[in-house]
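Reader: I would like to go through this model and ask about its packing, its strands and its backbone. Please keep the answers short.

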Amino acid sequence: MSRPSGNSEGSRPRPKPAGSSREILAGDFKMSDGKRRGSLMLLELSGRLDGRAAQLVQQRCAELRAQGMHVLGLDLSQVTFLASSGLGVFLAETEEFKEAKGSLHLIAVSSVVSSVVNLLNVGRFLSLVPSVDDLVVGKGSR
Amino acid sequence: MKKNPTPSMARKLSQEMPRPDPRHPSRQSRTRGQAVTRSVDGPAERESDLQRHSLLSFFELSKELDYSLNIYDFADRALFNFMGHLGTPHSALWILPPEATGSLVLIRSHGIPESVARQIGMQCIETLVDRLLRDRRIQFRDDLSDSFTPADLELLRSRGLALFAPLLAPDKLLGVVALGTRQNTAADPFEIEVLQASAEFFAVALQNSMFYHQLQESVRELRQANENLQELDRAKNEFVSNMHHELRTPVTVMQMYAESLLEEAVAGSSQREHLKIVLQQTEKLKRMLENLLDYSGLAGNRIEVQSGPGDISALLRDYYDNRRNGVAARLHDFRLVLEDDLPAVIFEPRRMRQVLDILLDNAMRFTPQGARITLRAHRLPDDPAMVRIQMEDNGPGIAADKLHKLFVPFLQVDGSLTREKNGLGLGLALANRLVQAMGGKILAASEIDRGTTFTLLLPIA
């Protein structure tokens, strides 16, 4: 299920390409590479995770998978809004990482994220981890 | 979504959910509210939150679909939205190509490998097309036992796909979206209604986007066709203009001197010079007309080239000896470099000289005085069947993007130079045809400020 990471946005101002930047800004949304912890690569997300931001997350995940990083953590502690598309990307990417013999973890989810996850009862599809430390020492919920 | 249940509460909530009725996920959900009496917020609040989530998903979708997105990004935005709307990790979208006979084309799948999604498209979704077009509603897998074989149903179950939404234009089916449902809690009727509305909205947006991109493509094709026509028109105009100038000038010159001779009926000492000029111009006109006739003849395959084995070294030496003084008179440094013991090659001597004339005249015309022009011939180390003959100059060179135009008849790489350099833009096209007729080929290579090399490859006898 590999997909091209290109993004056509017509005449809109385009965010910096994901592959060449460690920080991506799109409106209120910000995504930046965090520290690597062994085989774990961390992405820190903040702001509004709407449809456009969700596609940027998906592209960055696809890029990192293509680069051989198969254990990815998304720090969601600073996410202030989670659109359906954002949740859809988490669900889709969790499957993508599983297929690539890796794993995707949602770390320190903010209350807005956890409320949507709980409302839709999709926790069992996702790996929700309280903190990076829990993940590193293997205390993840999955 | 007013409150934020803790993970333990959510687990409890999940355990309290009734098992879904696999045959009727929507019907099962109607009982969910009654069953979940001990949830944190209560069933009414939870149902209200789910409905709010559904509506919010619909509103988000309306903001996310930008008609300028390509169909794959468009599909991603919609599928992610639908997945987050229902809470499922499985989705796929197929498009029905405009051609009536075309099969469904998989655009995207998430949570299902592409190969499997293609198989599902061919094996399962194709059989649903008529039904979706007729009913124009979301269909549930477990209500379709009459449409699917047990193997189809098992395939769909194994990949978590439970419902199929038609993407409808007013008079046709554009495509199909397949989605799973979240585990343990099936979508309720309100969610399905909103999903139906989302799919309808998405279909309209998708059709607009497809129209937009088709229009863009048509505009591009029209622009390209227009540019080609302009190029042809320019070539035609230049040809007409060049023909006019090239033919008129020598005729005018001849006429002028003829008139001069007439006026000087009693010939003086200048009469001989005037006659020489008349003869020169007549010869020039004759050669140009010859080339033009030759080209049109070759284009119509009316001229036969009588090729045969011959001594190319002897021909090149002879040619060099005949031309070098004339070239030197025009202040060009003409050199010959021949490899020893070249084998006999297939050519026709008269046509070969004609080709060499074209290449040498071309080199002289487009290099400044003092430039060096070298005629080389040698074997090809990597192709024992061919001999390479090159006319190489160290002139200003030709831009890479213009090289492909060199052998196009009546075109010159720079129209502004054509008249100044007295060319018809026909020579290289003729040379190309002559070399091909002799069983060889001609190539051009150039580098700006370094020079240009024309290479003839001729078969060894």
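Reader: At what angle do the axes of helix α1 of chain A and helix α5 of chain B cross?

Author: The model is a predicted one. Helix α1 of chain A covers residues 51-66 and helix α5 of chain B covers residues 71-86. Their axes come within 10 Å and cross at roughly 105 degrees.

Reader: Which description fits the two directions of α1(A) and α5(B), and which residues make the contact?

Author: Angles of 65 to 115 degrees count as roughly perpendicular, and α1(A) and α5(B) are therefore roughly perpendicular to each other. The residues of their contact divide into two nonpolar, four polar and three charged. They are A:G51, A:A54, A:Q55 and A:Q58 on α1(A), and B:D73, B:D76, B:R77, B:F80 and B:N81 on α5(B).

Reader: How do the residues divide in the contact of α2(A) with α5(B)?

Author: Helix α2 of chain A, residues 84-99, packs on α5(B) at about 90 degrees, with the axes 6 Å apart. The two helices are therefore roughly perpendicular to each other. In α2(A) the contact includes A:L87, A:V89 and A:L91, and in α5(B) it includes B:L79, B:F80 and B:M83. The contact residues divide into seven nonpolar, seven polar and one charged.

Reader: Which residues have the most contacts inside the largest nonpolar core?

Author: In soluble globular proteins, nonpolar side chains tend to be buried together. The largest nonpolar core here has 91 residues. Apart from it lies another core, of 33 residues, among them B:F366, B:V435, B:M438 and B:F454. In the largest core, the residues with the most contacts are A:L76, A:L106, B:W94, B:V176, B:V177 and B:F202.

Reader: What does A:L106 touch, leaving out residues up to four places away in sequence?

Author: A:L106 is one of the residues with the most contacts inside the largest core. Its contacts beyond four places in sequence are A:L74, A:L76, A:F90, A:L126, A:S127, A:L128 and A:V129.

Reader: Which strands are the edges of the open five-stranded sheet in chain B?

Author: The sheet has the order β2-β1-β5-β4-β3, with antiparallel pairing. At one end, β3(B) pairs with β4(B), residues 163-169, over two bridges, and B:F140 has B:L163 as its bridge partner. Helix α6 of chain B, residues 114-123, packs on the sheet, touching β1 and β2 of chain B. The strands that pair on one side only are β2 (105-110) and β3 (139-140).

Reader: Which residue in the turn between β1(A) and β2(A) has a positive phi?

Author: Strands β1 (residues 23-26) and β2 (residues 29-33) of chain A pair in the antiparallel sense over four bridges. A:I24 stands opposite A:M31; A:I24 and A:A26 point to one face and are buried, while A:E23 and A:L25 point to the other and are not. The two strands form a hairpin with two residues between them, and the turn residue with a positive phi, about 65 degrees, is A:G27.

Reader: Is B:R136 buried or exposed?

Author: Most residues other than glycine have a negative phi. B:R136 is not a glycine, yet has a positive phi of about 55 degrees, and lies in the loop between α7 (129-135) and β3 of chain B. The cut-off for exposure is 12 or fewer C-beta atoms within 10 Å. B:R136 has 12 such neighbours, so the residue counts as exposed.

Reader: How many C-beta neighbours does B:D449 have inside 10 Å?

Author: B:D449 lies in the loop between β11 (441-447) and β12 (451-459) of chain B. Its phi is positive, near 70 degrees. B:D449 counts as exposed, and the number of C-beta neighbours inside 10 Å is 8.

Conventions: Residues numbered from 1 in each chain as written. Chains lettered and ligands numbered in written order. Predicted model: local features only at pLDDT ≥ 70, side-chain atom pairs only at ≥ 80, totals over all residues. Core = buried A, V, L, I, M, F, W, Y, C linked by C-beta atoms within 7 Å. Buried ≥ 20, exposed ≤ 12 C-beta atoms within 10 Å, placed from the backbone. Contact = placed C-beta atoms within 7 Å. Pairing = 2+ DSSP bridges. Axes fitted to C-alpha atoms, helices over the stretch in contact; angles between N-to-C directions. Parallel < 35°, antiparallel > 145°, perpendicular 65-115°, else oblique. Nonpolar A, V, L, I, M, F, W, Y, C, P; charged D, E, K, R; others polar.
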